Amino acid sequence: MSIRISLAPFQGITSRDYRNAWARHFPGLDCVYTPFVSGVHPEKLNPVKFRDMVPMEDNVIETVPQLLSNDPVEIMAASKFLRGEGYTHINWNMGCPFSRLANKKRGCGILPYKDEIREMLDRIMPEIPLQLSIKTRLGYKSNEELPGLIHIFNQYPIHELIIHPRIGTQLYSGDVNLDGFENVLKESKIPVAYNGDIFHAGRYRQLQKRFPGINSWMIGRGALINPFLASQMKGIELSEREKRTRVKDFYNELLQVTPRRMSNPVRQLGFLKAIWYYMSGLFVDGMQYFDKIKVCRNMEEFYPAAEILLSQPFAGEHEIEEHFRFKLKHL
Ligand SMILES: Cc1cc2nc3c(=O)[nH]c(=O)nc-3n(C[C@H](O)[C@H](O)[C@H](O)COP(=O)(O)O)c2cc1C
């Protein structure tokens with residue numbers, strides 16, 4: 001069975017520049033999701049909101065725009081606009097855990113409200129001119145929310161349900177709840193994709209053994225740390241030298257394109273630091289070298305600090321797992 005691997009969206013990191021550079025230099029990914037767009041004004045769509053995804057021709061890999069909203073009118077207006085731009089699939093974010101949004105019944109904050117979800121789907125599904133997938137969690141405050149909703153989702157032609165098996169109040173820490181995932185999987189009539197804590201190919205193989213029916217996998221932080229994760233999951237092995245060249249080319253492309261999108265040097269530096277925060281884990285003792293990057297005040301300080309990190313030996317699976325589990329702060 002051939003698997004499909006997508007890159008998870010990260011607000012502030014996986015911008016189009018990042019996604020494109022990624023797809024050009026690292027093999028194995030089938031598609032990418034954009035970070036969410038929200039606050040779309042239905043009567044007066046502001047094209048600036050969509051500049052990360054329009055024009056569609058500028059994407060170098062299949063890209064799925066993501067929307068975060070609890071207003072059917074907004075979702076319908078945005079989908080019509082995106083259909084007009086050539087997209088055939090959008091993703092609805094029902095997973096974002098941040099209380100500022102979730103407390104307003106947005107992101108995973110909508111999950112406790114079954115009737116409202118049903119009403120929204122009743123309005124949206126007959127009207128939207130493209131495929132709709134949903135990215136979600138097991139719940140906002142309880143693991144029982146998604147299991148209580150799945151029979152509602154089952155009644156609609158939803159393209160795919162991407163499930164991150166945590167609840168919102170956990171944010172991104174604590175264990176993923178694989179039993180909870182399995183229960184929803186058993187009940188779902190909608191194709192399910194798995195997302196959560198795939199930190200290396202070994203972990204993926206364990207998950208694949210447990211869920212042999214899943215062929216759609218979304219990778220997030222594990223891929224931000226190790227951009228060869230998708231290829232390793234597919235059994236594509238690259239030589240050490242080739243990997244080093246690809247990482248350098250990826251980094252050089254980002255250095256080139258970032259100033260075109262961000263004119264403010266402070267923002268540029270912040271963006272590059274966010275990338276290295278994760279990707280430092282690709283190298284032995286990466287977080288130690290990242291600590292030197294973190295304190296750089298400008299690009300002149302940043303370049304040599306990043307070069308030192310880049311010249312370190314690659315970390316193995318065990319060390320990557322440590323970086324993922326213990327060195328990153330999961331919000
Ligand atoms: C900084 C940050 C930003 C994120 N932004 C988004 C987003 O815009 N849309 C979304 O659906 N998920 C977002 N996520 C969640 C990730 O896409 C992903 O679901 C999560 O990291 C779990 O997958 P992982 O364990 O493979 O990293 C974000 C997570 C983090 C840490």
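Two residues are in contact if their C-beta atoms, placed from the backbone, lie within 7 Å. By that rule, residues 24 or more positions apart account for 73% of the contacts in the protein chain with a separation of 6 or more. Please keep in mind that this is a predicted model: local features need pLDDT of at least 70, side-chain atom pairs count only at pLDDT 80 or more, and totals for chains, interfaces and linings use all residues. To find your way, note that residues are numbered from 1 along each chain as its sequence is written.

**The whole chain**

Start with the protein chain in cartoon view. You will find 14 helices and eight strands; helices (H or I, at least four residues) and strands (E, at least two) are DSSP runs, numbered from the N terminus. Along its principal axes, the C-alpha trace spans about 55 × 45 × 35 Å. The radius of gyration, taken over C-alpha atoms, can be set against a globule rule of 2.2 Å times the number of residues to the power 0.38. For 331 residues a compact globule would have a value near 20 Å, and the protein chain agrees, with 20 Å. Of the 331 residues, 38% are buried. Here buried means that 20 or more other C-beta atoms lie within 10 Å of a residue's own, exposed means 12 or fewer, and partly exposed is in between, with C-beta atoms placed from the backbone.

**The ligand**

Next, select the ligand and its surroundings. Its shell holds 22 residues, and the closest are Ala-8, Gln-11, Pro-35, Gly-220 and Arg-221; a residue belongs here if its C-beta atom, placed from the backbone, lies within 6 Å of the molecule. Colour β2 (31–38) and α8 (221–225), since each supplies at least two residues of this shell. By class, the shell has ten nonpolar, nine polar and three charged residues. In this scheme Ala, Val, Leu, Ile, Met, Phe, Trp, Tyr, Cys and Pro count as nonpolar, Asp, Glu, Lys and Arg as charged, and the others, Gly among them, as polar.

**A pair of helices**

Now show α5 (residues 145–153) and α6 (residues 178–187). They pack at an angle of about 10 degrees with their axes 9 Å apart; axes are lines fitted to C-alpha atoms, for helices over the stretch in contact, and angles run from 0 to 180 degrees between N-to-C directions. The two helices are therefore roughly parallel to each other, a label for angles under 35 degrees. Leu-146, Pro-147 and Ile-150 of α5 make the contact with Asn-183, Val-184 and Glu-187 of α6. Sorted by class, four of these residues are nonpolar, one is polar and one is charged.

**Backbone stops in the loops**

Zoom in on Pro-55, in the loop between β2 and β3 (63–68). The peptide bond leading to Pro-55 from Val-54 is cis, with omega near 0 degrees.

Move on to Asp-197, in the loop between β7 (192–195) and α7 (201–210). Phi of Asp-197 is near 55 degrees, a positive value in a residue other than glycine. Asp-197 is buried, with 21 other C-beta atoms within 10 Å.

Then pick Asp-285, between α11 (265–279) and α12 (286–294). Phi of Asp-285 is also positive, near 55 degrees, but Asp-285 counts as partly exposed, with 14 C-beta neighbours inside 10 Å.

**Last stop: Met-233**

Finish in helix α9 (residues 229–233), where Met-233 lies. With 23 C-beta neighbours inside 10 Å, Met-233 counts as buried. Leaving out residues up to four places away in sequence, Met-233 touches Ile-5, Gly-28, Ala-201 and Tyr-204. Try a distance to Leu-29 as well: Met-233 and Leu-29 are 204 residues apart in sequence and 10.0 Å apart in space, C-alpha to C-alpha.

Notes. Parallel < 35°, antiparallel > 145°, perpendicular 65-115°, else oblique.
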